There are 2 protein chains.
Amino acid sequence: MAPRWKGKGSEAKALADPMSKIVSQLSTSLIQVDAHGLLSGCSVLLAVETEQMELLTRGCFGRPIITAEKDKQWFQLGPEEAFYLFYSLKCLKIVGEDNCHKNAFELWQYMKSKKASFPDSCKAYFHLRMKNWIVRSGSQYGVDFVAYCHHPSLVHSEYAVLVLSEEENGDMNERLRLWSDFHCTIRLCGSVAKTLLVVSINKNGHGAVSPSCLERFSIKEHIVTRWIPELSREDQSTTEKENQMQSQTGLL
Amino acid sequence: MAPRWKGKGSEAKALADPMSKIVSQLSTSLIQVDAHGLLSGCSVLLAVETEQMELLTRGCFGRPIITAEKDKQWFQLGPEEAFYLFYSLKCLKIVGEDNCHKNAFELWQYMKSKKASFPDSCKAYFHLRMKNWIVRSGSQYGVDFVAYCHHPSLVHSEYAVLVLSEEENGDMNERLRLWSDFHCTIRLCGSVAKTLLVVSINKNGHGAVSPSCLERFSIKEHIVTRWIPELSREDQSTTEKENQMQSQTGLL
């Protein structure tokens with residue numbers, strides 16, 4: 001499925017304004033103002049001025065919060081977003097409720113304590129962001145993330161992303177273990193014109209004690225689509241479609 | 001959500017032709033011709049003549065199979081359907097691959113060996129059929145069953161049914177254990193205008209050795225709907241809607 005642009009000219013706009021450049025400008029700008037986020041539950045709250053506000057919005061990090069403050073705009077960053085700006089882009093410092101700076105190890109442990117799947121979801125988020133995808137919560141579609149090839153104002157999200165752990169951890173609380181769950185997910189993805197992307201994380205025997213393990217995790221990507229027999233019968237006119245389907249069929 | 005009838009006059013047609021009567025006619029007719037089904041994998045194959053064919057179709061049991069035979073129509077019955085006709089209505093006999101009649105215990109054990117969740121799904125199927133719902137496979141919506149208040153030619157299915165076991169059996173391979181699964185299911189149900197009906201089966205400490213245990217299982221029904229804050233604020237005009245929502249909110 002090709003990206004579904006929102007209206008004429010959106011594709012050209014996106015091409016002229018690559019996401020990699022926006023994120024790099026954001027990073028530089030946050031470093032310049034020595035940005036500090038405040039840990040609040042699982043989120044990080046960040047107050048910025050106009051320049052950073054525009055870049056956060058264009059890069060699609062966090063969501064703006066309405067406050068009474070006039071000269072500052074507050075943003076609420078999700079755990080993976082905050083950790084990406086903090087640990088990967090190194091453009092954000094983070095302060096805990098005790099007013100002390102958190103180091104990488106402390107923040108990692110804190111996020112893990114709030115969200116058990118954080119090492120996996122963080123790896124998946126980093127992986128997609130590094131490829132210049134915009135990654136947002138997928139909760140309204142019952143998945144972990146949705147991924148956009150550019151800003152949501154220009155294009156619909158292309159992928160519904162489920163993050164699975166490859167480990168046999170005895171904890172069966174994971175998605176796609178039952179056919180009915182599979183059918184439900186695929187059907188929903190189809191009805192909202194998204195492709196289901198399953199990102200499985202293999203920890204390769206490493207624990208998740210510190211964030212440095214992120215580099216030792218490996219990733220497999222599977223695209224899962226419906227098998228449509230009509231498109232897969234031997235027939236001149238459909239052979240092209242068939243090949244297309246089969247190359248997409250990762251897991252099924 | 002009220003039943004969504006298909007076109008004008010459908011509701012009147014349905015009212016004039018109650019499902020309880022159709023099923024009772026079917027039962028009488030199958031007994032008269034001493035109907036025998038053949039066990040084939042998880043299904044039961046049944047050859048019938050015009051009268052039974054019409055009644056099976058009107059009562060929505062099984063699906064017709066196209067064969068070369070002209071004077072007989074074959075039907076393929078799912079495991080719960082076959083067991084309902086066999087055990088509850090006692091209007092169908094069933095013959096195994098060895099050409100011998102199966103008794104209730106043997107058939108129960110056989111179905112269980114083919115489908116581990118059979119005792120639960122069978123109880124749920126019986127429960128809904130006894131209330132004169134038409135119960136069909138829900139696989140295309142990623143649920144166990146869909147339930148119609150009358151024939152699918154007259155009305156859209158009203159409920160998407162998930163059958164859950166109340167037992168703590170250590171096997172976590174069950175639906176709705178994760179929020180993302182919940183969101184996915186609710187969203188899909190909403191987009192196809194069905195209400196999610198969760199049927200939980202409590203075995204009350206009884207095993208599932210023989211079909212007589214079906215009577216000892218108890219059932220809880222929960223309707224699960226989205227919580228829409230806008231509809232639940234204190235406001236004269238929405239109070240009615242609010243009350244409606246809350247009485248429907250079983251699990252959430």
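**Exercise 1.** How many residue pairs are in polar contact between domain 1 of chain A and domain 2 of chain A, with both residues at pLDDT 80 or more?

*Solution.* Keep in mind that you're looking at a predicted model. Start with the split: the domain assignment of chain A gives domain 1 as 17–115 and domain 2 as 116–230. Next, see how the two sit: their centres, taken over C-alpha atoms, are 23 Å apart. Domain 1 of chain A brings 27 residues to the contact, and domain 2 of chain A brings 26. Now count the polar contacts across this boundary: there are 14 such residue pairs. On the domain 1 side, the elements giving two or more residues are α2 (19–32), α3 (50–59), α4 (79–88) and α5 (104–114) of chain A. Sort that side by residue type and you get 14 nonpolar, six polar and seven charged.

**Exercise 2.** Work out what area is buried between the two domains of chain A, then find the salt bridge across their interface.

*Solution.* Take the area to begin with: about 2,200 Å² is buried between domain 1 and domain 2 of chain A, and carbon and sulfur atoms give 66% of that. Then go looking for charges. Side chains of opposite charge can pair when their charged atoms come close. Across this interface the rule finds one salt bridge. For a worked case of such a pair, try E81(A) and R136(A): their side chains meet in a salt bridge at 3.3 Å, N to O. That sits inside the 4 Å cut-off.

**Exercise 3.** Describe the contact between chain B and chain A, using residues, area and charges.

*Solution.* Each chain puts in its share: 20 residues come from chain B and 20 from chain A. Together they bury about 1,800 Å², with 61% from carbon and sulfur atoms. Check for salt bridges between the chains and you'll come up with zero. Polar contacts do turn up, though: four residue pairs, both partners at pLDDT 80 or more. The chain B side of this contact divides into seven nonpolar, eight polar and five charged residues.

**Exercise 4.** Why does the salt bridge of K93(A) and D34(A) tie together parts that are far along the sequence from each other, 59 residues apart?

*Solution.* Set the scene with the total: a search of the whole structure finds 18 salt bridges over all chains. One of these joins the side chains of K93(A) and D34(A), at 2.8 Å from N to O. Now place the partners: K93(A) lies in strand β5 (residues 93–95) of chain A and D34(A) in the loop between α2 and β1 (36–40), so the pair links parts 59 residues apart in sequence.

**Exercise 5.** Find out how the rings of F61(B) and Y84(B) are arranged, and where the two residues lie.

*Solution.* A pair of aromatic rings is described by the distance of the centres and the angle of the planes. Over all chains, the count comes to 24 aromatic pairs. For F61(B) and Y84(B), the centres are 6.5 Å apart and the planes are at 10°, which makes the pair stacked. F61(B) is in the loop between α3 (50–59) and β3 (63–65) of chain B, while Y84(B) is in helix α4 (residues 79–88), 23 residues away.

Terms used
Residues numbered from 1 in each chain as written. Chains lettered and ligands numbered in written order. Predicted model: local features only at pLDDT ≥ 70, side-chain atom pairs only at ≥ 80, totals over all residues. Heavy atoms only, no water. Contact = heavy atoms within 4.5 Å. Buried area = accessible area lost by both parts, 1.4 Å probe. Polar contact = N/O pair within 3.5 Å; in protein donor to acceptor, adjacent residues only side chain to side chain. Nonpolar A, V, L, I, M, F, W, Y, C, P; charged D, E, K, R; others polar. Domains from an automatic or database assignment. Helix = DSSP H or I, 4+ residues; strand = E, 2+ residues; numbered from the N terminus. Phe/Tyr/Trp six-rings, centres within 6.5 Å; stacked < 30°, edge-to-face > 60°.
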